[in-house]
Amino acid sequence: MKKRNDPVTVDRMRYIKNKFSSNLCYLALLFDVFFFVLLYRQDRSTYYYSILIGASILYNLVFLLAGFLASEGVKTYNEKFSYLLIVLGAIQFIRIFIYPMRAHTTTIQISGVDQIVMSTSVFLRCVVYLVLSGVCCLVSAFVGLQRSRTLKAYMATLGEEKRRD
């Protein structure tokens, strides 16, 4: 098995795409879609009819667009998109405390009976989807950063060799 810093492997990086980071990005988007569907199909009284749900929907759209853009960027070893993925991954962890946590700790009255807005099972699935999405973003970012820096250093050595000739 070849090592990551093997000269042949690094030279091949000039011609092949970073599919691993890109595919992890796609997986992060998929987990976000699972979260999106799970959260927005909840219908408990009028709890979800607020400006916060509108902001959440808007952020989901921005996340999906930025995540797809980042997946294309890390595929071509562009370091800037790895930083975008770090931000997106961190926000996925923060989102746990915005809607799922609030909905899980809030009670409402339905037909005179106190009920929590989000059941424990739905809350746990929301948390799992957001954590998986965030982890995929972060792993994709760190692998993308490492590979782009390796390729950049290798390309710099190629430039030095050409100047010596």
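Reader: Which residues have the most contacts inside the largest nonpolar core?

Author: As a general idea, nonpolar side chains in soluble globular proteins tend to be buried together. A nonpolar core is here a set of buried Ala, Val, Leu, Ile, Met, Phe, Trp, Tyr and Cys residues joined through side-chain atoms within 4.5 Å. Buried means under 20% relative accessible area, exposed over 50%, and partly exposed in between (1.4 Å probe, protein chains only). In this predicted model, the largest nonpolar core has 16 residues, and Leu39, Tyr48, Met118 and Cys126 have the most contacts inside it. At least two residues of this core come from each of α2 (19-40), α5 (99-105) and α6 (120-164). Helix α6 gives the most, with 5 residues. Apart from this core lies another, of 15 residues, among them Cys25, Ala66, Leu88 and Cys137.

Reader: On what basis are such values given?

Author: This is a predicted model, in which local features need pLDDT of at least 70 and side-chain atom pairs count only at pLDDT 80 or more, while totals for chains, interfaces and linings use all residues. Residues are numbered from 1 along each chain as its sequence is written, and side-chain values use heavy atoms, with hydrogens and water left out.

Reader: Which element has the lowest mean pLDDT, and which the highest?

Author: The term pLDDT denotes the predictor's confidence in each residue, from 0 to 100. The chain averages 88, and 92% of its residues score at least 70. Among the elements, helix α1 (residues 7-12) has the lowest mean, 78, and helix α4 (residues 79-95) the highest, 96.

Reader: How many helices and strands are there in the chain?

Author: Helices (H or I, at least four residues) and strands (E, at least two) are DSSP runs, numbered from the N terminus. The chain has 6 helices and 2 strands, and their order from the N terminus is α-α-α-α-α-β-β-α. The radius of gyration of the chain is 21 Å, well over the 15 Å that the globule rule gives for 165 residues, so the chain is more spread out than a compact globule. That radius is taken over C-alpha atoms, and the rule is 2.2 Å times the number of residues to the power 0.38. Along the principal axes, the C-alpha atoms fill a box of roughly 85 × 30 × 20 Å. Of the 165 residues, 39% count as buried.

Reader: How do strands β1 and β2 run, and how many bridges join them?

Author: Two strands pair if DSSP finds at least two bridges between them. Strand β1 (residues 107-110) and strand β2 (residues 113-116) run antiparallel and are joined by 4 bridges. Glutamine 109 stands opposite aspartate 114 in β2. The two strands form a hairpin with 2 residues between them, and serine 111 in the turn has a positive phi of about 55°.

Reader: Where is tyrosine 77 found?

Author: Tyrosine 77 is found in the loop between α3 (51-75) and α4. Although tyrosine 77 is not a glycine, it has a positive phi of about 60°. Tyrosine 77 is buried, because its relative accessible area is 13%.

Reader: Which side chain makes a polar contact with that of arginine 95?

Author: A polar contact is a pair of N or O atoms within 3.5 Å; within protein, one must be able to donate a hydrogen and the other to accept it, and residues adjacent in sequence count only if both atoms are side-chain atoms. The side chain of arginine 95 makes such a contact with that of glutamine 92, at 3.0 Å. Arginine 95 lies in helix α4, and glutamine 92 is found in α4 as well. Arginine 95 is buried, with a relative accessible area of 7%, and glutamine 92 counts as buried at 0%.

Reader: Which residues does glutamine 92 touch, not counting those up to four places away in sequence?

Author: Contact means heavy atoms within 4.5 Å. On that footing glutamine 92 touches Asp32, Tyr59, Phe63, Leu130, Ser133 and Gly134. Arginine 95, leaving aside neighbours within four places in sequence, is in contact with residues including Asp32, Tyr59 and Leu130.

Reader: Is aspartate 11 buried or partly exposed?

Author: Aspartate 11, which lies in helix α1, is partly exposed, because its relative accessible area is 24%. Its side chain is joined by polar contacts to those of arginine 14, at 3.1 Å, and tyrosine 154, at 2.9 Å.
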